[in-house]
Amino acid sequence: MSKSPLPGRLRPGSAFRGAVGVGALALVAAACSSSGHPSVAASHAKSPMPEMSSSMPMASSSMSMGGGALPMGAERMHVTIVSAAEGTKVTGNSVMVRVRVSGYRDTCALAGKHVMEMEATATGHYHVLLDGALVNMYCTPAAEVSLQNVKPGMHTLTVVPALDDHAEVTRNARSVMFDYAPATPLPALTGVTAGTPAIAIVSPGSGATVSGTFTVQVRITNFRPSCALFGKPNLDGYGHWHLNLDSAAGGMMGMGGMMGMSCTDTIQASTAGLTPGSTHTLIALLVDNEHAPLMPLIAARVTVRIGT
Ligand SMILES: [Cu+2]
């Protein structure tokens, strides 16, 4: 996989930072685009977001980050940064951001699910970005962001309301700057070389029935999952994994169907929003720090039945 950001390759985050500034435009542009997710992963492109190289990188990338048209009501999804206060000096090696969500119900249980048009903006979660790069999705009143591999100095945290399919309401994003002045700086992590990375699903087993909240366990080899590196520049041999429902080829680098991401060998998944008796495919895929799937795709799949 690629090393730290290559010249000429836009990081999703750096483009997103621009997109926040043109949020209103992005919303209009997204509303005009056809619905559905552009298939990024399916193109087997090396760059996670090839459409960024188009002649309108900002509008195009924000549409891509939005995963297509934003449904009606998305403009009512708001977030407030309760803390940290603007200019806060952070001497520890993580920063806590407290968030209040309004206009929608904050939940991770429906992430990656197809939620009907009229209800699509009733639920969602929020994304946290560090210096414009996506760290993770959250559905709790507070989010802790590691400052591993972050240089001392001023940095920007951005909180964005997100739909269940991870489409971002960029117009309603909120940002705060903080001053990272570590008392005891973390040693920087550097890339490692290992064999060919692999991932396997240990449980549930093929054909298993799953209900409510259930655990998906994987076995990862030749790869170092790291939560501290979520959203940081890529390092060889490091990343994490995403659990997707039915597809790894949706918009936003395949994140349209993402139920969650993990840096351990388990993730808690939910059958909320899925029809009892239906069958679905769970896909565990290895991704880099910037959330782009490793290419060629390294993924494991298991088909499960949704219980009552
Ligand atoms: Cu991720």
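**Long-range contacts, a nonpolar core and a three-strand sheet**

Among contacts between residues at least 6 apart in sequence, 74% join residues at least 24 apart. This figure, like those that follow, comes from a predicted model. The protein has 308 residues, of which 44% are buried. Its secondary structure consists of 4 helices and 18 strands.

Confidence varies along the chain. The mean pLDDT of the protein is 82, and 78% of its residues reach 70 or more. Over residues 1-67, however, the pLDDT is below 50. That stretch still has 130 contacts in the model beyond near neighbours in sequence. Where pLDDT is low, the predicted coordinates should not be read in detail.

The largest nonpolar core was examined next. This core has 72 residues. Those with the most contacts inside it are Tyr126, Val128, Val159, Trp241, Ala284 and Leu285. Strand 17, residues 279-287, gives the most to the core, with 6 residues. In soluble globular proteins, nonpolar side chains tend to be buried together.

Leu285 illustrates the surroundings of one core residue. Residues up to four places away in sequence are not counted here. Leu285 touches Trp241, His242, Asn244 and Ala248. It also touches Pro293, Leu297, Ile298 and Ala299. One of these partners, Ala248, lies in the loop between strand 14 (238-245) and helix 4 (251-254). Ala248 is buried, because 25 other C-beta atoms lie within 10 Å and the cut-off for burial is 20 or more. Ala248 and Pro293 are 45 residues apart along the chain, yet their C-alpha atoms are separated by 8.6 Å.

An open sheet of 3 strands has the order 1-3-7, with antiparallel pairing. Strand 1 and strand 7 stand at the edges. Each has a single partner strand, so one side of each is left without a neighbour in the sheet. The twist averages 35 degrees from one strand to the next. Strands of a sheet pair through backbone hydrogen bonds, either parallel or antiparallel.

Both pairings in this sheet can be described by their bridges. Strand 1 pairs with strand 3 in the antiparallel sense over 5 bridges. Strand 3, residues 94-102, also pairs with strand 7 in the antiparallel sense, over 5 bridges. There, Arg98 has Ala142 of strand 7 as its bridge partner. Strand 7 covers residues 142-146 and has two faces. Ala143 and Val145 form the covered face. Ala142, Glu144 and Ser146 form the uncovered one.

On the other edge, Ile81 is found in strand 1, residues 78-83. Ile81 stands opposite Val99 in strand 3. Ile81 and Val97 are 16 residues apart in sequence and 7.0 Å apart in space, C-alpha to C-alpha. Not counting residues up to four places away in sequence, Ile81 touches Val97, Val99, Val159, Arg174 and Val176. Val159 is also among the core residues with the most contacts inside the core. Ile81 itself counts as partly exposed, because it has 18 C-beta neighbours inside 10 Å and burial needs 20 or more.

Several loops carry uncommon backbone geometry. Most residues other than glycine have a negative phi, and most peptide bonds are trans. A cis peptide bond joins Ser203 and Pro204, with omega at about 5 degrees. Pro204 is found in the loop between strand 10 (198-203) and strand 11 (209-210). The peptide bond from Met295 to Pro296 is also cis, with omega near -5 degrees. Pro296 lies in the loop between strand 17 and strand 18 (299-306). Strand 17 is the strand that gives the most to the core.

Positive phi values occur at Asp131 and at Asn149. Asp131 is not a glycine, but its phi is about 50 degrees. It lies in the loop between strand 5 (123-130) and strand 6 (133-138). For Asn149, also not a glycine, phi is about 60 degrees. Asn149 lies in the loop between strand 7 and strand 8 (153-162). Asp131 counts as partly exposed, with 19 C-beta neighbours inside 10 Å. Asn149 likewise counts as partly exposed, with 19 C-beta neighbours inside 10 Å.

Methods. Residues are numbered from 1 along each chain as its sequence is written. This is a predicted model: local features need pLDDT of at least 70, side-chain atom pairs count only at pLDDT 80 or more; totals for chains, interfaces and linings use all residues. pLDDT is the predictor's confidence in each residue, from 0 to 100. Two residues are in contact if their C-beta atoms, placed from the backbone, lie within 7 Å. A residue is buried if 20 or more other C-beta atoms lie within 10 Å of its own, exposed if 12 or fewer, and partly exposed in between; C-beta atoms are placed from the backbone. A nonpolar core is a set of buried Ala, Val, Leu, Ile, Met, Phe, Trp, Tyr and Cys residues joined through C-beta atoms within 7 Å. Two strands pair if DSSP finds at least two bridges between them. Axes are lines fitted to C-alpha atoms, for helices over the stretch in contact, and angles run from 0 to 180 degrees between N-to-C directions.
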